[in-house]
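Here is a short briefing on one protein chain. Keep the structure in view as you read.

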Amino acid sequence: MTVPLDRYIPVPDVRERHEVTIAAPAQIVFKVARGFDIQSIRIVRLIFWLRERALGAKRGARWRGAGLVADMRAIGWVPLADESDRLFIAGAVCQPWQADVMFRSVPAERFASFTEPDLVKIAWTLEAQTLAPALTRFATETRAVATDDIARAKFLRYWRTFRAGIVLIRLLLLPALRREAERRFRRQSTGV
């Protein structure tokens, strides 16, 4: 079975995949996912704040509240694939262990072969699979791979420290996204 991120990061240093079944059509689920304001979840804001404090970041989060995809693009993530109502893949390179991490865009056609040293390539997905007319499997997967052994050592140290918070963000996102997609579908179906 081909997994969407295999094209960009076939052998990751870390991989996290999470999914949820949502009682709403894929089109609604995908629209909600793309436009979801992750900062609307208080615990997520706290996790970002704790990371900033732990690493001594000089600036706060740069989220605009424009929605997940728009906010991520604004801080440097680039679309690697975008298939309407089904799949969105974004990628960037960075040094996540830095307090004030900067995400750099790498064009889709160069992402898989990118090897500039002392960086980590990260890619993530939003995936909506129709199971029935009003039933969708929504998944998100994140993969990361260092471009060299020095970056790998730094990244894996960072990952061991911050993995729990990173995973918790995904675990909080999925039920919030499910509630919003199901709410929108009910409202659309009943006109209320």
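**Strands, sheet and helices**

In strand 5, Arg-143 is the bridge partner of Ala-123. The model is predicted. The points below start with strand pairs, move to the whole sheet, and end with the helices.

**Strand pairs**

- Strand 4 (residues 120-132) and strand 5 (residues 135-146) pair in the antiparallel sense. Ten bridges link strand 4 and strand 5.
- Two residues sit between strand 4 and strand 5, and the two strands form a hairpin.
- Strand 3 (residues 87-94) also runs antiparallel to strand 4, and eight bridges join them.
- Two facing positions can be picked out here. Ala-90 stands opposite Trp-124 in strand 4. Ala-92 stands opposite Ile-122 in strand 4.
- In general, strands of a sheet pair through backbone hydrogen bonds, either parallel or antiparallel.

**The whole sheet**

- Five strands make an open sheet. Their order is 1-5-4-3-2, and the pairing is antiparallel.
- Which strands stand at the edges? They are strand 1 (14-22) and strand 2 (78-83). Each has a single partner strand, so one side of each is left without a neighbour in the sheet.
- From one strand to the next, the twist averages 10°.

**Helices on the sheet**

- Helix 1 (residues 26-35) packs on the sheet. Helix 1 touches strand 1, strand 2, strand 3, strand 4 and strand 5. Its direction makes about 155° with that of strand 4.
- Helix 5 packs on the sheet too, touching strand 1, strand 4 and strand 5. The direction of helix 5 makes about 5° with that of strand 1.

**Helix 2 against helix 5**

- Two packed helices are described by the angle between their axes and the distance between the axes.
- Helix 2 (residues 42-55) and helix 5 (residues 149-190) pack at an angle of about 165°. Their axes are 9 Å apart. That angle makes helix 2 roughly antiparallel to helix 5.
- Helix 2 passes helix 5 in a left-handed crossing.
- On helix 2, the contact residues include Ile-43, Ile-47 and Phe-48. On helix 5, they include Tyr-158, Phe-162 and Leu-172.
- By class, this contact has eleven nonpolar residues, one polar and one charged.

**A look at Arg-45**

- Arg-45 lies in helix 2.
- Is Arg-45 buried or partly exposed? Its relative accessibility is 37%, so Arg-45 counts as partly exposed.
- Leaving out residues up to four places away in sequence, Arg-45 touches Gln-39 and Ser-40.
- Arg-45 and Glu-180 are 135 residues apart in sequence. In space they are 19 Å apart, C-alpha to C-alpha.

Note on methods:
Residues are numbered from 1 along each chain as its sequence is written. This is a predicted model: local features need pLDDT of at least 70, side-chain atom pairs count only at pLDDT 80 or more; totals for chains, interfaces and linings use all residues. Side-chain values use heavy atoms; hydrogens and water are left out. Helices (H or I, at least four residues) and strands (E, at least two) are DSSP runs, numbered from the N terminus. Buried means under 20% relative accessible area, exposed over 50%, partly exposed in between (1.4 Å probe, protein chains only). Contact means heavy atoms within 4.5 Å. Axes are lines fitted to C-alpha atoms, for helices over the stretch in contact, and angles run from 0 to 180 degrees between N-to-C directions. Angles under 35 degrees count as roughly parallel, over 145 as roughly antiparallel, 65 to 115 as roughly perpendicular and the rest as oblique. A crossing is left-handed if the near helix is turned anticlockwise from the far one by less than a right angle, and right-handed if clockwise. Ala, Val, Leu, Ile, Met, Phe, Trp, Tyr, Cys and Pro count as nonpolar, Asp, Glu, Lys and Arg as charged, and the others, Gly among them, as polar. Two strands pair if DSSP finds at least two bridges between them.
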